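Trainee: Before we discuss the terms applied to this model, may I see the sequence and the structure?
Mentor: Certainly; they follow here.

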Amino acid sequence: MKILVPVKRVIDYNVKVRVKADQSGVDLANVKMALNPFCEIAVEEAVRLKEAGSATEIVVVSIGTTAVQEQLRTALALGADRALHIETDQNLDSLQVAKLLAKVVADEQPGLVILGKQAIDSDNNQTGQMLAALTGMGQGTFASKVQLADGKVQVTREIDGGLQTVELPLPAVVSTDLRLNEPRYASLPNIMKAKKKPLDVKAADSFGVSLSSNVTVLKVVPPATRQGGIKVESVAELVDKLKHEAKVI
Amino acid sequence: MAILIIAEHNNQSLKSETLKVVEAATTIGGDITVLVAGFNSAAAATEAAAIAGVTKVLHADNAAYEHQLAENIAALVTELGKGYSHILAAATTTGKNFLPRVAAMLDVAQISDVIAIESADTFVRPIYAGNAIATVKSADAIKVLTVRPAAFREAQTGNNAPVETLTAVHDAGISRFVTQELTKSERPELTAARVVISGGRGMQNGENFALLNGIADKLGAAIGASRAAVDAGFVPNDMQVGQTGKIVAPELYIAVGISGAIQHLAGMKDSKVIVAINKDAEAPIFQIADYGLVADLFTVLPELEQQL
(Lines give C-alpha, C1' and ligand atoms only; values in the text may rest on other atoms or scores of the structure.)
Protein backbone atom coordinates (compact mmCIF):
# COMPACT_ATOMS: atom_id res chain seq x y z
CA MET A 1 0.00 0.00 0.00
CA LYS A 2 1.15 3.48 -0.85
CA ILE A 3 0.88 6.35 1.65
CA LEU A 4 0.72 9.93 0.47
CA VAL A 5 1.95 12.56 2.93
CA PRO A 6 1.36 16.22 1.99
CA VAL A 7 3.70 18.54 3.92
CA LYS A 8 4.14 22.29 4.33
CA ARG A 9 7.14 24.57 4.78
CA VAL A 10 6.44 27.04 7.60
CA ILE A 11 8.26 29.41 9.91
CA ASP A 12 10.21 27.46 12.54
CA TYR A 13 8.08 27.18 15.67
CA ASN A 14 10.86 28.66 17.81
CA VAL A 15 11.08 31.85 15.79
CA LYS A 16 9.46 34.99 17.15
CA VAL A 17 6.85 36.12 14.66
CA ARG A 18 7.08 39.75 13.52
CA VAL A 19 4.33 41.51 11.64
CA LYS A 20 5.45 43.75 8.75
CA ALA A 21 5.14 47.49 9.34
CA ASP A 22 2.93 47.91 6.24
CA GLN A 23 0.44 45.39 7.70
CA SER A 24 0.70 43.19 4.61
CA GLY A 25 1.65 40.05 6.51
CA VAL A 26 4.31 38.41 8.62
CA ASP A 27 7.98 39.11 7.89
CA LEU A 28 9.49 35.89 6.53
CA ALA A 29 12.69 37.40 5.10
CA ASN A 30 15.81 35.75 6.54
CA VAL A 31 13.71 33.78 9.01
CA LYS A 32 14.43 30.13 9.81
CA MET A 33 11.91 27.86 8.09
CA ALA A 34 11.09 24.24 8.89
CA LEU A 35 8.78 21.34 8.25
CA ASN A 36 5.43 22.09 9.94
CA PRO A 37 5.43 20.13 13.26
CA PHE A 38 2.13 18.37 12.54
CA CYS A 39 3.48 17.37 9.09
CA GLU A 40 6.55 15.92 10.76
CA ILE A 41 4.25 13.75 12.88
CA ALA A 42 2.46 12.67 9.67
CA VAL A 43 5.74 11.63 8.03
CA GLU A 44 6.75 9.75 11.17
CA GLU A 45 3.44 7.86 11.28
CA ALA A 46 3.79 6.85 7.63
CA VAL A 47 7.35 5.64 8.26
CA ARG A 48 6.19 3.60 11.25
CA LEU A 49 3.41 2.01 9.18
CA LYS A 50 5.99 1.09 6.55
CA GLU A 51 8.36 -0.30 9.16
CA ALA A 52 5.46 -2.38 10.54
CA GLY A 53 4.90 -3.83 7.08
CA SER A 54 1.54 -2.10 6.53
CA ALA A 55 2.82 0.16 3.76
CA THR A 56 5.22 -0.34 0.89
CA GLU A 57 5.88 3.18 -0.37
CA ILE A 58 5.72 6.70 1.08
CA VAL A 59 5.30 9.64 -1.27
CA VAL A 60 5.64 13.16 0.13
CA VAL A 61 4.25 16.18 -1.68
CA SER A 62 4.61 19.88 -1.04
CA ILE A 63 3.35 22.98 -2.82
CA GLY A 64 5.30 26.23 -3.11
CA THR A 65 8.48 27.77 -4.42
CA THR A 66 11.73 25.86 -4.96
CA ALA A 67 12.44 26.41 -1.26
CA VAL A 68 9.95 23.67 -0.27
CA GLN A 69 12.37 21.12 -1.69
CA GLU A 70 14.37 21.62 1.51
CA GLN A 71 11.42 20.27 3.55
CA LEU A 72 10.80 17.48 1.02
CA ARG A 73 14.44 16.42 1.49
CA THR A 74 13.87 16.48 5.26
CA ALA A 75 10.87 14.16 4.83
CA LEU A 76 12.95 11.88 2.58
CA ALA A 77 15.66 11.79 5.24
CA LEU A 78 13.04 10.77 7.81
CA GLY A 79 12.10 7.79 5.66
CA ALA A 80 9.85 8.79 2.77
CA ASP A 81 10.71 7.10 -0.54
CA ARG A 82 10.10 9.79 -3.11
CA ALA A 83 8.90 13.36 -3.35
CA LEU A 84 6.74 15.54 -5.55
CA HIS A 85 7.18 19.30 -5.64
CA ILE A 86 4.23 21.23 -7.05
CA GLU A 87 5.80 24.50 -8.02
CA THR A 88 4.08 27.86 -7.64
CA ASP A 89 5.00 31.23 -6.17
CA GLN A 90 1.37 32.00 -5.39
CA ASN A 91 0.07 31.90 -1.81
CA LEU A 92 -2.69 29.31 -1.95
CA ASP A 93 -5.66 28.87 0.39
CA SER A 94 -6.59 25.47 1.80
CA LEU A 95 -9.25 24.88 -0.87
CA GLN A 96 -6.79 25.38 -3.74
CA VAL A 97 -4.24 23.18 -1.96
CA ALA A 98 -6.88 20.48 -1.46
CA LYS A 99 -7.83 20.65 -5.16
CA LEU A 100 -4.21 20.16 -6.22
CA LEU A 101 -3.80 17.30 -3.73
CA ALA A 102 -7.00 15.69 -5.05
CA LYS A 103 -5.32 15.58 -8.49
CA VAL A 104 -2.23 13.99 -6.92
CA VAL A 105 -4.47 11.41 -5.22
CA ALA A 106 -6.04 10.61 -8.61
CA ASP A 107 -2.57 10.12 -10.14
CA GLU A 108 -0.95 8.23 -7.31
CA GLN A 109 -3.91 6.21 -5.99
CA PRO A 110 -2.61 5.99 -2.40
CA GLY A 111 -4.26 3.63 0.09
CA LEU A 112 -3.94 6.25 2.81
CA VAL A 113 -3.29 9.98 3.00
CA ILE A 114 -1.74 11.21 6.26
CA LEU A 115 -1.25 14.92 6.83
CA GLY A 116 -0.93 17.41 9.70
CA LYS A 117 -4.17 18.71 11.21
CA GLN A 118 -3.04 22.29 10.73
CA ALA A 119 -0.08 24.39 9.68
CA ILE A 120 1.30 26.64 12.38
CA ASP A 121 1.34 29.68 10.08
CA SER A 122 -2.21 30.01 8.75
CA ASP A 123 -3.71 27.83 11.51
CA ASN A 124 -6.58 26.87 9.20
CA ASN A 125 -7.11 23.21 10.05
CA GLN A 126 -8.92 22.58 6.74
CA THR A 127 -6.82 20.86 4.09
CA GLY A 128 -7.32 17.23 5.19
CA GLN A 129 -11.07 17.60 5.56
CA MET A 130 -11.34 19.39 2.19
CA LEU A 131 -9.21 16.76 0.46
CA ALA A 132 -11.43 14.03 1.92
CA ALA A 133 -14.51 15.85 0.63
CA LEU A 134 -13.12 16.37 -2.88
CA THR A 135 -12.01 12.74 -3.23
CA GLY A 136 -15.08 11.26 -1.50
CA MET A 137 -12.89 9.62 1.13
CA GLY A 138 -13.66 9.21 4.81
CA GLN A 139 -11.75 11.36 7.26
CA GLY A 140 -10.12 10.61 10.60
CA THR A 141 -9.07 14.00 11.90
CA PHE A 142 -6.93 14.92 14.95
CA ALA A 143 -5.61 11.35 15.22
CA SER A 144 -3.84 10.11 18.33
CA LYS A 145 -3.81 6.47 17.17
CA VAL A 146 -3.98 4.86 13.74
CA GLN A 147 -4.57 1.11 13.25
CA LEU A 148 -4.76 -0.61 9.88
CA ALA A 149 -6.52 -3.95 9.43
CA ASP A 150 -8.53 -5.73 6.73
CA GLY A 151 -8.62 -2.84 4.27
CA LYS A 152 -9.87 -0.49 6.94
CA VAL A 153 -8.34 2.04 9.27
CA GLN A 154 -9.41 2.71 12.83
CA VAL A 155 -8.56 6.22 13.91
CA THR A 156 -8.69 7.37 17.52
CA ARG A 157 -9.43 11.09 17.47
CA GLU A 158 -8.70 13.76 20.06
CA ILE A 159 -12.05 15.46 20.64
CA ASP A 160 -13.21 18.01 23.20
CA GLY A 161 -13.66 16.08 26.43
CA GLY A 162 -11.92 12.87 25.41
CA LEU A 163 -11.33 10.43 22.58
CA GLN A 164 -13.48 9.07 19.76
CA THR A 165 -12.64 6.11 17.55
CA VAL A 166 -14.02 5.81 14.03
CA GLU A 167 -13.50 3.19 11.35
CA LEU A 168 -13.01 4.15 7.73
CA PRO A 169 -12.66 2.09 4.57
CA LEU A 170 -9.42 2.63 2.62
CA PRO A 171 -8.46 4.84 0.96
CA ALA A 172 -8.97 7.40 3.71
CA VAL A 173 -7.57 10.70 4.95
CA VAL A 174 -6.02 10.92 8.41
CA SER A 175 -4.94 14.19 10.02
CA THR A 176 -2.45 14.08 12.87
CA ASP A 177 -2.70 15.53 16.35
CA LEU A 178 0.19 16.13 18.72
CA ARG A 179 0.18 12.87 20.63
CA LEU A 180 0.13 10.48 17.67
CA ASN A 181 3.87 9.93 17.92
CA GLU A 182 7.21 11.57 18.64
CA PRO A 183 9.04 12.15 15.37
CA ARG A 184 12.59 10.82 15.09
CA TYR A 185 15.61 12.87 14.14
CA ALA A 186 17.10 12.22 10.72
CA SER A 187 20.47 10.53 10.97
CA LEU A 188 23.41 11.84 8.97
CA PRO A 189 23.58 8.76 6.70
CA ASN A 190 19.86 9.11 6.01
CA ILE A 191 20.28 12.81 5.22
CA MET A 192 22.98 11.86 2.70
CA LYS A 193 20.81 9.10 1.24
CA ALA A 194 17.84 11.47 0.94
CA LYS A 195 19.80 13.59 -1.53
CA LYS A 196 19.71 10.71 -4.00
CA LYS A 197 16.02 9.85 -3.60
CA PRO A 198 13.74 10.84 -6.52
CA LEU A 199 12.15 14.31 -6.38
CA ASP A 200 9.82 15.26 -9.25
CA VAL A 201 8.79 18.81 -10.01
CA LYS A 202 5.49 19.73 -11.65
CA ALA A 203 4.11 23.20 -12.28
CA ALA A 204 0.98 23.95 -10.25
CA ASP A 205 -0.76 25.39 -13.30
CA SER A 206 -0.32 22.09 -15.17
CA PHE A 207 -2.99 20.40 -13.00
CA GLY A 208 -5.97 22.17 -14.54
CA VAL A 209 -7.00 23.59 -11.16
CA SER A 210 -8.01 27.21 -10.64
CA LEU A 211 -5.50 28.67 -8.19
CA SER A 212 -7.32 31.90 -7.45
CA SER A 213 -9.00 32.45 -4.11
CA ASN A 214 -12.01 34.56 -3.24
CA VAL A 215 -10.48 35.51 0.10
CA THR A 216 -8.22 38.55 0.37
CA VAL A 217 -6.18 39.55 3.38
CA LEU A 218 -6.90 43.21 4.13
CA LYS A 219 -4.37 43.60 6.90
CA VAL A 220 -2.26 41.74 9.42
CA VAL A 221 -1.48 43.41 12.75
CA PRO A 222 0.23 42.36 15.97
CA PRO A 223 -2.11 41.22 18.75
CA ALA A 224 -3.16 43.73 21.40
CA THR A 225 -0.68 43.60 24.23
CA ARG A 226 -1.89 42.92 27.71
CA GLN A 227 -0.47 45.07 30.47
CA GLY A 228 1.23 43.19 33.24
CA GLY A 229 -0.16 43.75 36.72
CA ILE A 230 1.44 43.60 40.12
CA LYS A 231 3.41 41.08 42.13
CA VAL A 232 1.93 39.98 45.42
CA GLU A 233 4.08 38.85 48.33
CA SER A 234 1.97 36.11 49.85
CA VAL A 235 -0.95 33.78 49.35
CA ALA A 236 -2.97 35.84 51.85
CA GLU A 237 -2.41 38.99 49.81
CA LEU A 238 -3.34 37.15 46.61
CA VAL A 239 -6.61 35.87 48.07
CA ASP A 240 -7.39 39.33 49.42
CA LYS A 241 -6.78 40.97 46.02
CA LEU A 242 -8.92 38.39 44.21
CA LYS A 243 -11.74 38.88 46.68
CA HIS A 244 -11.75 42.64 47.15
CA GLU A 245 -9.95 44.19 44.18
CA ALA A 246 -10.67 41.91 41.23
CA LYS A 247 -13.87 40.56 42.85
CA VAL A 248 -13.63 37.27 40.97
CA ILE A 249 -13.86 34.85 43.91
CA MET B 1 -28.79 37.73 4.62
CA ALA B 2 -29.68 34.24 5.79
CA ILE B 3 -27.47 32.49 8.30
CA LEU B 4 -27.31 28.78 9.06
CA ILE B 5 -25.73 27.74 12.36
CA ILE B 6 -24.94 24.13 13.11
CA ALA B 7 -25.65 23.53 16.78
CA GLU B 8 -23.17 21.84 19.08
CA HIS B 9 -24.85 19.38 21.45
CA ASN B 10 -24.58 15.93 22.97
CA ASN B 11 -28.10 14.88 21.89
CA GLN B 12 -29.45 15.55 25.40
CA SER B 13 -28.59 19.21 25.70
CA LEU B 14 -27.19 22.12 23.78
CA LYS B 15 -23.62 23.23 24.48
CA SER B 16 -22.95 26.82 25.44
CA GLU B 17 -20.75 27.26 22.37
CA THR B 18 -23.91 27.35 20.27
CA LEU B 19 -25.18 30.41 22.15
CA LYS B 20 -21.89 32.14 21.42
CA VAL B 21 -22.11 31.37 17.72
CA VAL B 22 -25.65 32.81 17.68
CA GLU B 23 -24.28 35.94 19.35
CA ALA B 24 -21.62 36.17 16.61
CA ALA B 25 -24.29 35.67 13.94
CA THR B 26 -26.41 38.53 15.25
CA THR B 27 -23.54 40.91 14.48
CA ILE B 28 -23.78 39.85 10.81
CA GLY B 29 -27.52 40.49 10.79
CA GLY B 30 -30.33 38.63 9.02
CA ASP B 31 -32.45 35.57 9.67
CA ILE B 32 -30.76 32.96 11.83
CA THR B 33 -31.61 29.28 11.35
CA VAL B 34 -30.12 26.76 13.77
CA LEU B 35 -29.68 23.18 12.62
CA VAL B 36 -29.77 20.52 15.33
CA ALA B 37 -28.62 17.25 13.76
CA GLY B 38 -28.50 14.34 16.16
CA PHE B 39 -30.35 11.28 17.39
CA ASN B 40 -33.03 11.38 20.09
CA SER B 41 -32.08 15.02 20.27
CA ALA B 42 -35.47 16.72 20.66
CA ALA B 43 -34.41 18.31 23.95
CA ALA B 44 -31.45 19.98 22.28
CA ALA B 45 -33.72 21.29 19.50
CA THR B 46 -36.09 22.75 22.09
CA GLU B 47 -33.18 24.49 23.79
CA ALA B 48 -32.04 25.91 20.44
CA ALA B 49 -35.52 27.33 19.84
CA ALA B 50 -35.23 29.24 23.10
CA ILE B 51 -32.14 31.23 22.05
CA ALA B 52 -32.90 34.91 21.48
CA GLY B 53 -32.39 35.98 17.86
CA VAL B 54 -33.10 32.57 16.34
CA THR B 55 -35.70 32.69 13.56
CA LYS B 56 -36.14 28.97 13.04
CA VAL B 57 -34.76 25.63 14.17
CA LEU B 58 -34.25 22.74 11.77
CA HIS B 59 -34.23 19.39 13.51
CA ALA B 60 -32.71 16.36 11.76
CA ASP B 61 -33.06 13.33 14.01
CA ASN B 62 -31.55 10.09 12.79
CA ALA B 63 -29.04 7.49 13.94
CA ALA B 64 -26.76 8.66 11.11
CA TYR B 65 -26.22 11.92 13.00
CA GLU B 66 -25.84 10.49 16.52
CA HIS B 67 -22.05 10.79 16.72
CA GLN B 68 -21.63 13.85 14.51
CA LEU B 69 -19.67 11.86 11.93
CA ALA B 70 -18.22 14.42 9.52
CA GLU B 71 -19.20 12.56 6.36
CA ASN B 72 -22.90 12.45 7.32
CA ILE B 73 -23.23 15.88 8.91
CA ALA B 74 -21.35 17.50 6.00
CA ALA B 75 -23.67 15.86 3.46
CA LEU B 76 -26.70 17.24 5.32
CA VAL B 77 -25.25 20.72 5.80
CA THR B 78 -24.07 20.94 2.19
CA GLU B 79 -27.58 20.14 0.99
CA LEU B 80 -29.20 22.70 3.30
CA GLY B 81 -26.44 25.28 3.05
CA LYS B 82 -26.99 26.17 -0.60
CA GLY B 83 -29.87 28.41 0.45
CA TYR B 84 -27.86 30.54 2.89
CA SER B 85 -25.40 33.43 2.71
CA HIS B 86 -23.44 32.31 5.78
CA ILE B 87 -22.83 28.93 7.43
CA LEU B 88 -21.42 29.06 10.95
CA ALA B 89 -20.27 26.51 13.51
CA ALA B 90 -18.23 26.73 16.67
CA ALA B 91 -14.47 26.24 16.29
CA THR B 92 -14.60 23.11 18.44
CA THR B 93 -13.26 19.69 17.46
CA THR B 94 -16.74 18.93 16.08
CA GLY B 95 -17.06 22.10 13.98
CA LYS B 96 -13.46 21.91 12.79
CA ASN B 97 -14.10 18.34 11.68
CA PHE B 98 -17.15 18.66 9.44
CA LEU B 99 -17.23 22.32 8.32
CA PRO B 100 -14.18 22.33 5.98
CA ARG B 101 -15.77 19.29 4.33
CA VAL B 102 -18.91 21.37 3.77
CA ALA B 103 -16.91 24.30 2.38
CA ALA B 104 -15.07 22.08 -0.10
CA MET B 105 -18.31 20.48 -1.28
CA LEU B 106 -19.78 23.96 -1.78
CA ASP B 107 -16.55 25.02 -3.55
CA VAL B 108 -15.97 27.97 -1.22
CA ALA B 109 -13.26 28.87 1.26
CA GLN B 110 -13.64 28.48 5.00
CA ILE B 111 -12.59 31.25 7.36
CA SER B 112 -11.39 29.47 10.52
CA ASP B 113 -11.48 30.64 14.12
CA VAL B 114 -13.19 34.00 13.63
CA ILE B 115 -12.74 36.25 16.69
CA ALA B 116 -14.53 39.36 15.39
CA ILE B 117 -16.99 40.15 12.64
CA GLU B 118 -16.45 43.53 10.96
CA SER B 119 -19.20 43.18 8.36
CA ALA B 120 -21.09 40.52 6.43
CA ASP B 121 -17.98 39.73 4.38
CA THR B 122 -15.07 40.85 6.56
CA PHE B 123 -13.76 38.82 9.46
CA VAL B 124 -10.91 38.91 11.95
CA ARG B 125 -8.93 35.80 12.86
CA PRO B 126 -5.68 34.97 14.64
CA ILE B 127 -2.82 33.41 12.67
CA TYR B 128 0.65 32.23 13.72
CA ALA B 129 -0.64 30.95 17.08
CA GLY B 130 -2.18 34.33 17.86
CA ASN B 131 1.06 36.22 17.19
CA ALA B 132 -0.64 38.04 14.35
CA ILE B 133 -4.23 39.04 13.74
CA ALA B 134 -5.51 38.99 10.17
CA THR B 135 -8.52 40.81 8.76
CA VAL B 136 -9.83 38.95 5.72
CA LYS B 137 -12.56 39.67 3.19
CA SER B 138 -14.44 36.91 1.39
CA ALA B 139 -16.06 37.31 -2.03
CA ASP B 140 -17.53 33.79 -1.92
CA ALA B 141 -21.29 33.52 -2.42
CA ILE B 142 -21.56 31.50 0.78
CA LYS B 143 -19.33 32.46 3.68
CA VAL B 144 -18.37 29.43 5.74
CA LEU B 145 -16.99 30.34 9.17
CA THR B 146 -15.91 28.61 12.33
CA VAL B 147 -16.30 30.95 15.29
CA ARG B 148 -14.01 30.90 18.30
CA PRO B 149 -16.45 30.62 21.23
CA ALA B 150 -14.15 32.34 23.74
CA ALA B 151 -14.30 35.53 21.67
CA PHE B 152 -18.08 35.99 21.96
CA ARG B 153 -20.60 36.25 24.78
CA GLU B 154 -23.54 33.89 25.06
CA ALA B 155 -26.76 34.98 23.39
CA GLN B 156 -29.73 35.48 25.72
CA THR B 157 -32.48 32.93 25.97
CA GLY B 158 -36.25 33.31 26.25
CA ASN B 159 -37.30 32.82 22.64
CA ASN B 160 -39.77 30.33 21.22
CA ALA B 161 -38.75 29.88 17.59
CA PRO B 162 -40.58 27.31 15.44
CA VAL B 163 -38.94 23.88 15.11
CA GLU B 164 -39.17 22.25 11.71
CA THR B 165 -38.42 18.52 11.44
CA LEU B 166 -36.29 17.39 8.51
CA THR B 167 -37.05 13.92 7.21
CA ALA B 168 -34.39 13.48 4.50
CA VAL B 169 -31.49 11.38 5.82
CA HIS B 170 -27.93 11.83 4.61
CA ASP B 171 -26.01 8.73 5.53
CA ALA B 172 -22.81 8.85 3.49
CA GLY B 173 -22.11 5.25 4.49
CA ILE B 174 -18.37 5.91 4.68
CA SER B 175 -17.37 6.07 8.33
CA ARG B 176 -18.47 3.97 11.26
CA PHE B 177 -18.47 5.04 14.89
CA VAL B 178 -16.58 2.59 17.08
CA THR B 179 -16.22 3.99 20.59
CA GLN B 180 -16.02 7.19 22.55
CA GLU B 181 -14.33 7.73 25.88
CA LEU B 182 -15.16 11.01 27.48
CA THR B 183 -13.15 12.04 30.50
CA LYS B 184 -15.54 11.73 33.41
CA SER B 185 -15.40 14.75 35.58
CA GLU B 186 -17.57 16.55 38.09
CA ARG B 187 -15.88 19.75 37.02
CA PRO B 188 -17.12 22.20 34.41
CA GLU B 189 -15.76 21.94 30.87
CA LEU B 190 -12.64 23.98 30.23
CA THR B 191 -14.17 26.21 27.60
CA ALA B 192 -17.28 26.91 29.67
CA ALA B 193 -15.76 27.31 33.15
CA ARG B 194 -15.87 30.62 35.05
CA VAL B 195 -12.54 29.79 36.69
CA VAL B 196 -9.69 27.76 35.19
CA ILE B 197 -6.61 26.58 37.05
CA SER B 198 -3.82 25.16 34.88
CA GLY B 199 -0.57 23.41 35.64
CA GLY B 200 2.60 23.42 33.59
CA ARG B 201 5.93 21.68 33.47
CA GLY B 202 6.62 23.04 36.97
CA MET B 203 4.13 20.49 38.33
CA GLN B 204 6.92 17.94 37.73
CA ASN B 205 4.62 14.94 37.23
CA GLY B 206 1.05 13.84 36.72
CA GLU B 207 0.45 12.92 40.38
CA ASN B 208 1.17 16.47 41.49
CA PHE B 209 -1.80 17.70 39.45
CA ALA B 210 -3.85 16.38 42.37
CA LEU B 211 -2.64 19.47 44.26
CA LEU B 212 -4.93 21.52 41.98
CA ASN B 213 -8.02 19.45 42.81
CA GLY B 214 -8.84 20.97 46.18
CA ILE B 215 -8.50 24.51 44.84
CA ALA B 216 -10.58 23.66 41.78
CA ASP B 217 -13.27 22.18 44.06
CA LYS B 218 -13.44 25.31 46.16
CA LEU B 219 -13.59 27.65 43.16
CA GLY B 220 -15.77 25.46 40.93
CA ALA B 221 -12.93 25.58 38.45
CA ALA B 222 -11.94 23.47 35.47
CA ILE B 223 -8.39 22.10 35.43
CA GLY B 224 -6.17 22.71 32.43
CA ALA B 225 -2.54 22.23 31.47
CA SER B 226 0.12 23.75 29.27
CA ARG B 227 1.34 21.97 26.17
CA ALA B 228 4.64 21.35 27.96
CA ALA B 229 2.80 19.39 30.65
CA VAL B 230 0.90 17.41 28.01
CA ASP B 231 4.04 16.73 25.95
CA ALA B 232 5.78 15.52 29.11
CA GLY B 233 2.94 13.01 29.57
CA PHE B 234 1.67 14.45 32.88
CA VAL B 235 -1.95 14.77 31.72
CA PRO B 236 -4.11 13.97 28.67
CA ASN B 237 -4.24 16.28 25.66
CA ASP B 238 -7.89 17.24 26.19
CA MET B 239 -6.68 19.32 29.16
CA GLN B 240 -4.37 21.38 26.98
CA VAL B 241 -4.91 25.14 26.95
CA GLY B 242 -3.17 26.89 24.09
CA GLN B 243 -3.19 27.49 20.38
CA THR B 244 -3.05 23.76 19.64
CA GLY B 245 -5.44 22.93 22.48
CA LYS B 246 -8.41 24.74 23.96
CA ILE B 247 -8.90 28.48 23.82
CA VAL B 248 -10.39 29.76 27.07
CA ALA B 249 -11.44 33.15 28.37
CA PRO B 250 -12.70 32.66 31.94
CA GLU B 251 -13.27 35.31 34.61
CA LEU B 252 -10.25 34.01 36.48
CA TYR B 253 -7.29 32.05 35.10
CA ILE B 254 -4.68 30.70 37.50
CA ALA B 255 -1.43 29.56 35.85
CA VAL B 256 0.66 27.34 38.12
CA GLY B 257 4.21 26.43 37.17
CA ILE B 258 3.64 27.67 33.64
CA SER B 259 6.42 29.75 32.10
CA GLY B 260 4.12 31.40 29.57
CA ALA B 261 5.20 30.14 26.14
CA ILE B 262 3.55 32.13 23.37
CA GLN B 263 1.56 29.05 22.34
CA HIS B 264 0.03 28.84 25.82
CA LEU B 265 -0.68 32.58 26.04
CA ALA B 266 -2.59 32.31 22.75
CA GLY B 267 -5.04 30.03 24.54
CA MET B 268 -5.73 32.10 27.68
CA LYS B 269 -4.68 35.73 27.30
CA ASP B 270 -8.27 36.91 26.88
CA SER B 271 -9.12 35.78 30.41
CA LYS B 272 -10.49 38.62 32.56
CA VAL B 273 -8.11 38.20 35.49
CA ILE B 274 -4.86 36.22 35.25
CA VAL B 275 -2.93 34.94 38.25
CA ALA B 276 0.55 33.46 37.80
CA ILE B 277 2.35 31.34 40.38
CA ASN B 278 5.91 30.53 39.42
CA LYS B 279 9.21 30.38 41.25
CA ASP B 280 11.04 31.96 38.30
CA ALA B 281 10.54 35.73 38.62
CA GLU B 282 11.67 36.15 35.00
CA ALA B 283 8.98 33.83 33.57
CA PRO B 284 7.16 35.57 30.67
CA ILE B 285 3.79 34.67 32.21
CA PHE B 286 4.31 37.51 34.73
CA GLN B 287 4.29 40.04 31.89
CA ILE B 288 0.61 39.40 31.27
CA ALA B 289 -0.55 38.37 34.75
CA ASP B 290 -2.69 40.75 36.79
CA TYR B 291 -1.39 39.18 39.98
CA GLY B 292 1.93 37.40 40.12
CA LEU B 293 3.26 35.38 43.02
CA VAL B 294 6.92 34.41 42.83
CA ALA B 295 7.07 31.32 45.00
CA ASP B 296 7.42 27.55 45.01
CA LEU B 297 4.09 26.09 43.92
CA PHE B 298 4.48 23.14 46.28
CA THR B 299 4.27 25.46 49.30
CA VAL B 300 1.76 27.89 47.73
CA LEU B 301 -0.88 25.41 46.54
CA PRO B 302 -1.72 23.84 49.94
CA GLU B 303 -1.73 27.30 51.50
CA LEU B 304 -4.04 28.66 48.79
CA GLU B 305 -6.44 25.74 49.17
CA GLN B 306 -6.60 26.37 52.91
CA GLN B 307 -7.23 30.10 52.60
CA LEU B 308 -10.02 29.91 50.02
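**Contacts, core and chains**

Mentor: In this predicted model, Val5(A) is in contact with Ala42(A), Val43(A), Ala46(A), Ile58(A), Val60(A), Ala75(A), Ala80(A), Ile114(A) and Leu115(A), once its neighbours within four places in sequence are set aside.

Trainee: What makes these residues count as being in contact with Val5(A)?

Mentor: The criterion is that C-beta atoms, placed from the backbone, lie within 7 Å. Ala42(A) and Leu115(A) are among the residues that are in contact with Val5(A).

Trainee: Which residues touch the most other members of the largest nonpolar core?

Mentor: That core has 187 residues, and those with the most such neighbours are Val5(A), Val43(A), Val60(A), Ala75(A), Ile5(B), Leu35(B) and Ala48(B). Domain 1 (2-166) and domain 2 (190-307) of chain B both contribute residues, so the core lies between them.

Trainee: Why might one expect nonpolar side chains to be buried together?

Mentor: It is a general tendency of soluble globular proteins.

Trainee: How far apart do the C-alpha centres of domain 1 and domain 2 of chain B lie?

Mentor: The separation of these centres is 30 Å. Across the boundary, 9 residues of domain 1 of chain B are in contact with 10 residues of domain 2 of chain B. On the domain 1 side, the residues comprise 4 nonpolar, 3 polar and 2 charged.

Trainee: Why is chain B called as compact as a globular protein of its length?

Mentor: Chain B comprises 8 helices and 16 strands. Its radius of gyration is 20 Å, and the globule rule gives 19 Å for 308 residues; the two values are close, so the description is justified. Of these 308 residues, 60% count as buried, the cut-off being 20 or more other C-beta atoms within 10 Å.

Trainee: Which residues make up the contact between chain A and chain B, in number and class?

Mentor: Chain B supplies 69 residues and chain A supplies 63. Helix α4 (residues 93-105) of chain B gives the most to the chain B side, with 8 residues. That side has 35 nonpolar, 19 polar and 15 charged residues.

Trainee: How do you know that strand β9 of chain A and strand β11 of chain B pair?

Mentor: Pairing requires at least two bridges. There are 6 bridges between β9 (residues 162-169) of chain A and β11 (residues 176-182) of chain B, and the strands run antiparallel; the requirement is thus met. Within β11(B), Arg176(B) stands opposite Glu167(A).

Definitions and conventions. Residues are numbered from 1 along each chain as its sequence is written. Chains are lettered from A and ligands numbered from 1 in the order in which they are written. This is a predicted model: local features need pLDDT of at least 70, side-chain atom pairs count only at pLDDT 80 or more; totals for chains, interfaces and linings use all residues. Helices (H or I, at least four residues) and strands (E, at least two) are DSSP runs, numbered from the N terminus. The radius of gyration is taken over C-alpha atoms; the globule rule is 2.2 Å times the number of residues to the power 0.38. A residue is buried if 20 or more other C-beta atoms lie within 10 Å of its own, exposed if 12 or fewer, and partly exposed in between; C-beta atoms are placed from the backbone. Two residues are in contact if their C-beta atoms, placed from the backbone, lie within 7 Å. Ala, Val, Leu, Ile, Met, Phe, Trp, Tyr, Cys and Pro count as nonpolar, Asp, Glu, Lys and Arg as charged, and the others, Gly among them, as polar. A nonpolar core is a set of buried Ala, Val, Leu, Ile, Met, Phe, Trp, Tyr and Cys residues joined through C-beta atoms within 7 Å. Domain bounds come from an automatic or database domain assignment.
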